[in-house]
Amino acid sequence: MTEKDMKDKAVTESARTESTLEYPLKGECQCGNVSYALYAAPLMVMACHCRECQKLSTSPFSITAVVDAKDISFTGELQSWERIAESGNRNRALFCPNCGNRIYHFNPDAPETVKLKLKPVNIAQSQLFEPQAHVWVSEKVGWYQLPQDVKVFLKQPF
Ligand SMILES: [Zn+2]
Ligand SMILES: [Zn+2]
């Protein structure tokens, strides 16, 4: 197979996978008290390697799906906590008060996008949440190897 054939095949396969996704996609926290319905694909998905995200996710990085606020709805009681990001933007974090899972973040001064933290764990849906960019790699743990073919930023690019 030529390189072009392989590229065409990859494009066809990803189109096929996307088309099998049935919206809304549903996700819920560990205890199930909070759930959400996602009505369209995220605008973008990124992995963040900053220290805050390492704490938040208890892993080397967190994955954020930036979603148009009108494309998602949440059900269940949420509590919030707020911090100021390095950019000076307010970062309000919403979480389930029962199990503590982080559900989403948003900037109260720019509420038109939601940064979804908790994803569906259904394997058939997981490809939609593969990060296109890795940010804050200046704080990345040494043992994690970045994948090929992703955009990489030392800090927050947007
Ligand atoms: Zn919960
Ligand atoms: Zn981060």
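Author: Before we start, a definition: two strands pair if DSSP finds at least two bridges between them. Helices (H or I, at least four residues) and strands (E, at least two) are DSSP runs, numbered from the N terminus. This is a predicted model, where local features need pLDDT of at least 70, side-chain atom pairs count only at pLDDT 80 or more, and totals for chains, interfaces and linings use all residues. Residues are numbered from 1 along each chain as its sequence is written, while chains are lettered from A and ligands numbered from 1 in the order in which they are written.

Reader: Cool. How many bridges join strand 10 to strand 11?

Author: There are 2, and the strands, with strand 10 covering residues 133–135, run parallel. Ala 133 sits opposite Lys 151 of strand 11.

Reader: And what order do the strands of the open sheet take?

Author: The order is 6-7-8-9-4-3-10-11, 8 strands with mixed pairing. Strand 6 (79–84) and strand 11 (151–152) are the edges, each pairing on one side only.

Reader: Switching to backbone oddities: where is Trp 136?

Author: In the loop between strand 10 and strand 11. Trp 136 isn't a glycine, yet its phi is positive, about 60°.

Reader: Is Trp 136 buried or exposed?

Author: Buried, because it has 23 C-beta neighbours inside 10 Å. The cut-offs are 20 or more other C-beta atoms within 10 Å for buried, 12 or fewer for exposed, and partly exposed in between, with C-beta atoms placed from the backbone.

Reader: What about phi of Thr 58?

Author: Also positive, near 50°. Thr 58 is exposed, with 7 other C-beta atoms within 10 Å.

Reader: Which residues does the cis peptide bond join?

Author: Tyr 23 and Pro 24, with omega about 0°.
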